[in-house]
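Visitor: I would like to examine the surface and the charged contacts of this chain. Could you guide me through them?

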Amino acid sequence: MQYHDNSLINSRLIKLNKIKELGIDPYPARYSRTSDISTAIDDFVSLESESSSPQNNEKSVTLAGRIIAIRGMGKAKFIDIRDYSETIQVLFRSNVLGESFELLEHLDIGDFIGSTGHVMRTRTGQITLHGDDFTILCKGIRPLPEKFHGLRDTETRYRQRYLDLIANEEVIKTFTNRSKMLTALREFMNERGFIEVETPVLVPIPAGAHAKPFVTFHNALDENLYLRIATELYLKRLIIGGFDKVYEIGRVFRNEGVDQNHNPEFTLLESYESYADYNDVMEMVESLVHSIALKINGTSEITWGEHKIDLSPPWPRLSLREELLNKAGINIDDYPDDESLTNKARTLGVDVSDLENRGRLIDKLLGDFIEPHLIQPTFIIDYPEVMSPLAKSHPSKPGYVERFEAYIAGMEIANSYSELNDPVIQRTRLEGQEEIRDMYGDDELDRLDEDFLTAIELGMPPTGGLGMGIDRLVMLITQETSIRDAIIFPHMRTLK
């Protein structure tokens, strides 16, 4: 096999064939390590501190990893190998390897090898594995990009995440921390008595959020199905059925734009707790975020650009109406219909080129005038009813509902309601959403799900619900400013 357009690949193929001609399998099925590299280094440092004799530290270890550097010095070669945990220099001497020393010439950066030997320090103090042998574990035929160390081209990093992981050790740390965060999140929820469940991804009605869905077709059923935009209505069905506390962590899909805070598919935590309201959920959210920060970073403080953010509870609770009055000089109660609010928003410089309903306009005002100021953790509470068809009416604020959104670093990270459980009002609200959809052609409004309405007519206890974007939480805890750095395979436009 020849790659006519790439001499570097052909050179590696020649080396591969020579290795095979020597009767060596360059792709063995397995290799037994004694530990990962980081553990071997830690063990060596521990032994070193306990013993005054270097000979006592010569414990045999077997390590393996990808070659990231090769340096020759006469009858010695230094090869740096890296596994997921750490990098170590391996020293090979011709008088130790014998005839096998020549085989090192057939190795390239990017190959995988394993070696047994003892860990030592060189004269310069560098911790090194003195290799007694080596085994070729995988011969790479495609070279790594030139100057792959510290790869920074964002297009390459996101499109070829495997190169990003090879080139940038900090990226592996980010996604290792993401995994630890999910474990910590589950531990937090489980300790509070929540049960983790799974609900459908393909649904007949994409409801539970204001978002445009992705549509597909099921051949056997001969009908359109949608990728879920939320898990809310199915989780509420479980509350109605008798579960007291449920949660789900899973992918949801929204046919929306792509930017530093949005990806068409993202990971969402949703939870529902019987006999709780949005005040209880606020306490849970601030405790959850704080505890995860402590577990991952060991501190409640993060750095976000020029800002130092403290995630310690309690977080301020600010009224949406009052914040709009303070920041934009608008009392939304004075503009009770679409037309009057559109005209006022226009005078404030808000883009009203598209015909939109009052709820969408208020959301734009929130985005333009309030969100950018919400750097420290903050709850914005009590939203107009038109923005929240699934939320319970506020008992002392007519036209408003018991809802909050949590913001950190100018990003919404959580949304919560005291869930509406009056079946008559719920039907009226969702029917009203359908009318607005027809009037404005707005395919992002919430949808009427008749089976959910049937379920809620059976009775649902008072319930506090939560939706939290995991990817944005990962951004905050790992201090990444783009969601593409928090999602291991972010969506990218296909190259043509």
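Visitor: What share of the accessible surface of the chain belongs to carbon and sulfur atoms?
Guide: The model is a predicted one. The accessible surface of the chain comes to about 24,000 Å². The share that carbon and sulfur atoms contribute is 49%.

Visitor: How far apart are the mean positions of the positive and negative charges of the chain?
Guide: The chain carries 55 positive and 81 negative charges. The distance between the mean positions of these two sets is 7 Å.

Visitor: Which residue forms a salt bridge with Arg157?
Guide: The closest N and O atoms of the pair are 3.2 Å apart. Arg157 lies in helix α4 and its partner in the segment after α14 (470-478), so the pair ties together parts that are 328 residues apart in sequence. Arg157 counts as buried at 12% relative accessibility, and the partner is Asp485.

Visitor: Is Asp471, the salt-bridge partner of Arg178, buried or exposed?
Guide: The side chains of Arg178 and Asp471 meet at 2.8 Å, N to O. Arg178 belongs to helix α6 (residues 169-191) and Asp471 to helix α14, so their salt bridge links parts 293 residues apart in sequence. A residue counts as buried under 20% relative accessible area. Asp471, at 2% relative accessibility, is therefore buried.

Visitor: Which residue meets Arg159 in a salt bridge?
Guide: The N to O distance is 2.9 Å. The two residues are four apart in helix α4 (residues 154-159), and therefore separated by about one helical turn. Arg159 is partly exposed at 29% relative accessibility, and its partner is Glu155.

Definitions and conventions
Residues are numbered from 1 along each chain as its sequence is written. This is a predicted model: local features need pLDDT of at least 70, side-chain atom pairs count only at pLDDT 80 or more; totals for chains, interfaces and linings use all residues. Side-chain values use heavy atoms; hydrogens and water are left out. Accessible areas come from the Shrake-Rupley method with a 1.4 Å probe; for residues, only the protein chains shown count as cover. Lys and Arg count as positive and Asp and Glu as negative; His and the chain ends are not counted. The place of a charge is taken as NZ of Lys, CZ of Arg, CG of Asp or CD of Glu. A salt bridge is a side-chain nitrogen of Lys or Arg within 4 Å of a carboxyl oxygen of Asp or Glu. Buried means under 20% relative accessible area, exposed over 50%, partly exposed in between (1.4 Å probe, protein chains only).
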